[in-house]
Amino acid sequence: MSTAGPGPAHRDLQRRTKVVLGVFVVVANVVGAAVVLALAGWVLPTRSLVTDVAGAVTANVMLFAAYLAVAVAVGVVWGVSWSRVPRPPDGGASPTGWIRHRRATRRVVLRVPTRLAVVQAVPWLLAVPLFAGMNAMWSLRLALVVACVVALGGLATVAVAYRLSELALRREVARVLAHEPPSGYRLSGVGVRSVGGWVLGTGVPVLGVALVAATSLLVPEQYTVRALGLAVLVLSLIALVVGFGLNALTAASIAGPVVAVRRALGRVEGGDLDVTVPVTDATELGLLQAGFNTMAGGLRERDRIRALFGRHVGEDVARAAMDGELELGGEVREVAVLFVDLVGSTRMAVDRPPTEVVELLNRFFAEVVDVVEAHRGWINKFEGDAALAVFGTPGDLDDPAGCALAAARHLAARLDTLDGVSAGIGVSAGPAVAGNIGDARRYEYTVIGDPVNEAARLTDLAKTVPGCVAASGAALARADDEERAHWQVVGLRQLRGRHEETEYSAPADRLAAHDPCEPAATRSGVGTGQDIAAQA
């Protein structure tokens, strides 16, 4: 539920809605009057119930016309006034008063159909004893039959008024349910609505046909053949017309919310998650609409979290984690590792303002991310001025070593275009353990093994090699022939922390065209490739 602050809290039903409700009250009473006149004129065995037919008909018609006019006027005025939203006692100035007024408005709007039904039922209920008492002057049987006819007209009026008011209030219901969706109690129910529409629109007229048929069989003198035919015809027409109308209104009240949800689902299936459905019903249909909105909100939140998660750990890792494929632990994978470490970051931090340093680092890492992702790798982590990229996990890659070597060549060329940026790049490949390392409460997906350590050491070596790129013999041996053709073996070097010499290579086109990077010995800052290697 929304907790927005106080504002213009008072908002009565729209004038258009009040006008529509008034018109629907008149329409409902016209339907009820038509039912009464049809039953009285062609269904009642009037001649067998009373001798003074003309007097009885005249008296009933005059009283019915006058009473109907008064009932309609009272129904319109009473119904519209009863649906008025009260003003808040403090004008909605305080948050508490505003929230209470909003809840009061919600109760009033949701109860309007029931209140209108009650408003329409009261005059018709009063009409039953009134017309029965008047017709008792001619015949008790006539009084009983007329009372039943008026009661049937009242049922039709109430049913039509209730259904029409539900349709008229959809926008108002959507407004009041926007902040507080319907709960699971005090629901009229879709089943009750459907059965009620059939009972009032079809069941009652069919019952009338059955009663007429039973009366003609038990008391043959009550109906002539022509009168019986007229009675059955009129009741059948009432069943068809009124029954169709009520069932059509019921179907519209049920199908409307369902169709809205189905259309919204189509948009979600098409990838549009920024969709909501107005909650226009207080029954299970409203719960369905509110449930869809909750589902769509959850999908939007999941999509946002996934996008944010992907920025932190990489799209492939995020996708696997969201799909539940990753567990705590690791597996041995054939991977290639690329280290890139910025040269001179400590001196840069001393000589330049912090904002300028951050801006340069962001430009540097943007180039790293673009190149690595273009070659189907992912950034495992950033640490200070260095980055660790992995190829071949968590997704499978046909030639991880070739992709890493190509990425190193293209990254070096991209970094040449950045002013004030120089970096050493090291590449290695081989078997390593890849998986979620840490605790079930907090872990990260990373790669541990000799290729990681070797790539970090090669990054330092690369700063002494023309072109600033160095790759291990293991990486070159695992790459395809096309990629190996771009590299040239430089020699052997014993890397820090290793007992045996390591064969290393560099891109052939960069050996003759570039000078060595700044030697690592001149750098004393933190946040280097060695730091990442130690953590990995």
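## Close-up views of a predicted model

**View 1. Gln488 on strand S7 and its partners from further along the chain.** With a relative accessibility of 41%, Gln488 falls in the partly exposed class. Please keep in mind throughout these views that the model is predicted. Gln488 belongs to strand S7, which covers residues 487-494. Once neighbours within four places in sequence are set aside, Gln488 is in contact with Ser505, Ala506, Ala508 and Leu511. Pro507 is worth finding here too: 19 residues separate Gln488 from Pro507 in sequence, and their C-alpha atoms are 6.1 Å apart in space.

**View 2. The whole chain, as a setting for the close-ups.** The chain holds 18 helices and 8 strands. Of its 536 residues, 45% are buried. Among contacts with a separation of 6 or more, 75% join residues that are 24 or more positions apart. The accessible surface amounts to about 26,500 Å², and carbon and sulfur atoms supply 61% of that surface.

**View 3. Where the prediction is confident, and where to be careful.** The average pLDDT of the chain is 76, and 75% of the residues score at least 70. Strand S6 has the highest confidence, at 93, while helix H18 (residues 529-535) has the lowest, at a mean of 44. Residues 1-10 have a pLDDT below 50, and this stretch makes 25 contacts in the model beyond near neighbours in sequence. Residues 519-536 are also below 50 in pLDDT, with 53 contacts beyond near neighbours in sequence. Where pLDDT is low, the predicted coordinates should not be read in detail.

**View 4. Helix H12, with its buried residues along one face.** Helix H12 runs over residues 354-374, a total of 21 residues. At 1.5 Å a residue these should span 30 Å, and the C-alpha atoms at the two ends are indeed 30 Å apart, so expectation and model agree. Its buried residues are Val357, Leu360, Leu361, Phe364, Phe365, Glu367, Val368, Val371 and Val372. Looking down the axis of H12, the buried residues occupy an arc of 150°, so they line one face of the helix. The face turned away from that buried side carries Thr355, Glu359, Glu373 and Ala374, which are exposed.

**View 5. Arg376, with a positive phi just after H12.** Follow the chain out of H12 and you reach Arg376, in the loop that leads to strand S2 (378-383). Although Arg376 is not a glycine, its phi is positive, at about 65°. Its relative accessibility is 54%, so Arg376 counts as exposed.

**View 6. Asn380 in strand S2, with a side-chain link to Thr446.** Asn380 is part of strand S2 and has a relative accessibility of 6%; the cut-off for burial is under 20%, so Asn380 counts as buried. The side chains of Asn380 and Thr446 are joined by a polar contact of 2.9 Å. Apart from neighbours within four places in sequence, Asn380 is in contact with Leu388, Ala389 and Val390, and also with Tyr445, Thr446 and Val447.

**View 7. A cis peptide bond at Pro394, and the helix H13 beyond its loop.** The peptide bond between Thr393 and Pro394 is cis, and its omega is near 0°. Pro394 sits in the loop that connects strand S3 (386-391) to helix H13 (400-416). H13, with 17 residues, reaches 24 Å from its first C-alpha to its last, close to the 24 Å expected at 1.5 Å a residue. Of those 17 residues, 13 are buried, so H13 is largely enclosed by the rest of the structure.

**View 8. Cys468, a buried residue with positive phi.** Cys468 lies in the loop between helix H14 (450-462) and strand S6 (469-472). Its phi is positive, near 65°, in a residue other than glycine. A relative accessibility of 10% means that Cys468 counts as buried.

**View 9. Ala248 in helix H8, with Arg163 from elsewhere in the chain.** Ala248 is found in helix H8, which spans residues 225-269. With a relative accessible area of 32%, Ala248 is partly exposed. Along the chain, Ala248 and Arg163 are 85 residues apart, while their C-alpha atoms are separated by 9.7 Å.

Conventions
Residues are numbered from 1 along each chain as its sequence is written. This is a predicted model: local features need pLDDT of at least 70, side-chain atom pairs count only at pLDDT 80 or more; totals for chains, interfaces and linings use all residues. Side-chain values use heavy atoms; hydrogens and water are left out. Helices (H or I, at least four residues) and strands (E, at least two) are DSSP runs, numbered from the N terminus. The expected span of a helix is 1.5 Å times one less than its number of residues. Buried means under 20% relative accessible area, exposed over 50%, partly exposed in between (1.4 Å probe, protein chains only). The arc is that of the directions from the helix axis to the C-beta atoms. pLDDT is the predictor's confidence in each residue, from 0 to 100. Contact means heavy atoms within 4.5 Å. Accessible areas come from the Shrake-Rupley method with a 1.4 Å probe; for residues, only the protein chains shown count as cover. A polar contact is a pair of N or O atoms within 3.5 Å; within protein, one must be able to donate a hydrogen and the other to accept it, and residues adjacent in sequence count only if both atoms are side-chain atoms.
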